[in-house]
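Work through the exercises below with the sequence and the 3D structure open beside you. Try each task before reading its solution.

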Amino acid sequence: MMPTALPPGLKIIEDLVSPEEERQLLESIDWAEDESIPTAQQSLKHRRVKHFGYEFRYDNNNVDRDRPLPGGLPDICNTLLAKCLKMGYIKEKPDQLTINQYEPGQGIPPHIDTHSAFEDEIIALSLGAEIVMDFKHPDGHVAGIMLPQRSLLVMSGESRYLWTHGITPRKFDIIQASEVQKVRAVTADIGDLTLNKRRERTSFTFRKVRRSPCNCSYPSVCDSQREDTAPSFPINEREASKLEEKYVHEVYEGIATHFSSTRHSPWPRVVEFLRGLPCGAVVADVGCGNGKYLGVSKDLYTFGCDRSMTLMDICGEKGFQAFVCDALCVPLRSGSCDACISIAVIHHFSTVERRLATLCELVRLLRPGGKALVYVWALEQEFNKQKSKYLKEKRASRVTLEEFSSDAVKETGDNDCQSSLHPKEDVAQFKGRCCNANQLIHAKLPVHTNRTSFGSQDLLVPWHLKDGMKKKAGPAKSQQHLAGSADSHAPSSVFHRYYHVFSEGELELLCKRLDCIKVQASYYDQGNWCVILEKQLRVPCGPLK
């Protein structure tokens with residue numbers, strides 16, 4: 001099996017120091033308290049740490065540039081750093097050093113060194129033992145990299161700014177048996193894997209303190225660029241429309257080609273619904289995307305619609321009947337459809353009123369006795385003790401939210417100002433509960449960490465655009481990133497889609513606000529809440545007053 005490629009910008013230089021130099025560096029560390037040398041020294045839960053030059057503050061993940069530590073970096077590091085400069089591993093001499101000592105079983109959580117705190121190149125020397133360090137891309141790709149004893153790790157560019165790195169706390173590493181002390185990514189070739197017992201390891205991590213804001217190509221994870229740029233929870237119709245335009249419509253137009261390439265397998269229960277319709281039934285797929293349900297049954301007359309022009313072009317290339325429109329206003333006669341489907345659409349509307357209006361428009365299209373199938377993403381990604389496919393794919397279930405602003409309102413399951421209906425309240429009660437505009441105006445939408453449980457009902461979900469999958473043409477605004485500017489040269493463009501994930505019972509309650517339908521079925525399907533609606537005979541359709 002071919003070894004997995006290293007993350008872009010990552011280099012490992014083997015045997016940078018000799019065994020004698022390694023011994024001298026290790027012996028130079030005085031872990032005993034010594035008040036005459038006021039370096040920052042801490043004993044953290046997972047390791048011992050010592051700082052030189054500047055103290056790295058774990059309370060805010062940054063350094064105090066105005067309070068350098070006396071003494072600077074140890075003199076014994078001068079020869080090492082001069083060598084790194086001469087060999088071109090770094091461009092500037094570091095002025096901050098963190099020494100970590102790891103006992104077997106200890107580690108460090110996955111993290112990205114704060115962009116605003118340090119310059120591009122970060123180097124780390126592994127002394128005393130080898131270790132497997134885990135790197136993870138935001139799209140979920142993971143690479144376990146062997147760092148040999150006395151090797152130098154160099155992180156720059158994408159590996160420094162975009163990938164998290166960390167050390168899993170364990171006493172054994174799984175490594176390649178044939179190449180124990182060689183640089184490589186650990187692969188899944190089970191025929192060449194073995195356990196390697198960990199030993200005490202000490203790392204010297206050198207950084208250059210940044211004096212100006214970071215202007216890297218990764219604004220979605222850059223604290224310098226994302227400050228005060230996160231959208232707030234919408235408090236009126238105009239704000240809701242603007243939010244959806246930027247974080248739904250423009251995003252899907254920008255990712256359409258890549259999105260379509262990932263949407264090719266129809267969900268079985270949606271297929272079951274469609275194939276259960278009578279022969280010749282007229283079916284509208286509202287929010288059809290790339291049209292993966294338009295060709296499910298040749299016995300139906302099926303057409304679709306979507307806001308994305310590019311996705312409609314893709315449908316046309318497949319020979320499907322589809323047109324551009326908004327789900328809030330479908331240009332079809334009332335009662336013209338025998339059935340409608342809305343799969344993963346309504347959760348993109350940012351207020352309860354707009355979600356209700358979308359359902360009303362869907363039902364308007366149905367003839368009396370017609371049926372609609374609606375799917376929305378569920379807050380509960382673990383249901384009846386079973387994890388959804390979304391969580392299983394990356395074996396992750398921790399809630400990890402990245403807030404844009406320190407004063408943002410934390411949106412959790414207990415936050416009464418989320419845009420969701422509780423099972424035992426009506427719309428008027430909901431509006432009364434969440435009518436405090438002063439509370440909502442500062443509620444920043446959090447960014448969800450992919451393949452983890454949801455910690456908020458209203459959030460932004462990242463989409464990492466695969467290289468070569470950008471739109472061939474179109475307005476520049478369709479390439480917007482969270483920081484508000486396009487970066488077509490970034491190795492991995494990140495877009496953020498708005499979602500409102502539905503809690504149990506919420507979709508069914510919303511449907512019952514319409515006086516012309518009967519909820520025929522309600523169920524959970526692989527991380528989604530789903531309902532089948534039937535339009536009642538001779539009953540005018542509209543929201544209950």
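Contact means heavy atoms within 4.5 Å. This is a predicted model, in which local features need pLDDT of at least 70, side-chain atom pairs count only at pLDDT 80 or more, and totals for chains, interfaces and linings use all residues. Residues are numbered from 1 along each chain as its sequence is written, and side-chain values use heavy atoms, with hydrogens and water left out.

**Exercise 1. The contacts of one valine**

Task: List the residues in contact with valine 374, leaving aside its neighbours within four places in sequence.

Solution.
- Step 1. Valine 374 is in contact with Ser342, Ile346, Leu359 and Leu362, among others.
- Step 2. The list is completed by Leu507, Trp529, Cys530 and Val531.

**Exercise 2. The nonpolar core**

Task: Find which residues have the most contacts inside the largest nonpolar core, and which element supplies the largest share of this core.

Solution.
- Step 1. A nonpolar core is a set of buried Ala, Val, Leu, Ile, Met, Phe, Trp, Tyr and Cys residues joined through side-chain atoms within 4.5 Å. Buried means under 20% relative accessible area, exposed over 50%, and partly exposed in between (1.4 Å probe, protein chains only).
- Step 2. The largest core has 36 residues, and those with the most contacts inside it are Val286, Cys340, Leu359, Val374, Cys511, Ile517 and Leu533.
- Step 3. Helices (H or I, at least four residues) and strands (E, at least two) are DSSP runs, numbered from the N terminus. Among the elements that each supply at least two residues of this core are strand 20 (337–343), helix 8 (352–364), strand 21 (366–377) and strand 29 (528–535).
- Step 4. Helix 8 gives the largest share, 6 residues.
- Step 5. There is also a second, separate core of 29 residues, which includes Tyr247, Val251, Cys288 and Phe454.

**Exercise 3. Two helices that pack**

Task: Describe how helix 5 (residues 237–261) and helix 7 (residues 309–317) pack.

Solution.
- Step 1. Axes are lines fitted to C-alpha atoms, for helices over the stretch in contact, and angles run from 0 to 180 degrees between N-to-C directions. For this pair the angle is about 35 degrees and the axes are 7 Å apart.
- Step 2. On the side of helix 5, Glu253, Ala256, Thr257, Phe259 and Ser260 take part; they meet Met309, Thr310, Leu311 and Ile314 in helix 7.
- Step 3. The residues of this contact divide into 5 nonpolar, 3 polar and 1 charged. Here Ala, Val, Leu, Ile, Met, Phe, Trp, Tyr, Cys and Pro count as nonpolar, Asp, Glu, Lys and Arg as charged, and the others, Gly among them, as polar.

**Exercise 4. Salt bridges**

Task: Explain which parts of the chain the salt bridge of arginine 210 and glutamate 119 ties together.

Solution.
- Step 1. A salt bridge is a side-chain nitrogen of Lys or Arg within 4 Å of a carboxyl oxygen of Asp or Glu. Side chains of opposite charge can pair when their charged atoms come close.
- Step 2. The whole structure holds 17 salt bridges. In the one between arginine 210 and glutamate 119, the N to O distance is 3.3 Å.
- Step 3. Arginine 210 lies in the loop between strand 16 (201–207) and helix 4 (223–226), and glutamate 119 in the loop between strand 7 (108–111) and strand 8 (122–127), so the pair ties together parts that are 91 residues apart in sequence.
- Step 4. Arginine 210 is buried, at 6% relative accessibility, whereas glutamate 119 is partly exposed at 21%.
- Step 5. For another case, take glutamate 361 and arginine 364, which meet in a salt bridge at 2.8 Å, N to O. They are 3 residues apart in helix 8, so about one helical turn separates them.

**Exercise 5. Positive phi**

Task: Locate alanine 344 and asparagine 384, and state whether each is exposed or partly exposed.

Solution.
- Step 1. Alanine 344 is not a glycine, yet its phi is positive, about 60 degrees. Its place is in the loop between strand 20 and helix 8, and alanine 344 is partly exposed at 28%.
- Step 2. Asparagine 384 has a positive phi near 50 degrees. Asparagine 384 sits in the loop between strand 22 (382–383) and strand 23 (386–387) and is exposed at 61%.

**Exercise 6. Confidence**

Task: Find what the pLDDT is over residues 395–419 and over residues 471–492.

Solution.
- Step 1. pLDDT is the predictor's confidence in each residue, from 0 to 100. The mean for the chain is 83, and 77% of its residues reach 70 or more.
- Step 2. Over residues 395–419 pLDDT stays under 50, and over residues 471–492 it is below 50.
- Step 3. Where pLDDT is low, the predicted coordinates should not be read in detail.
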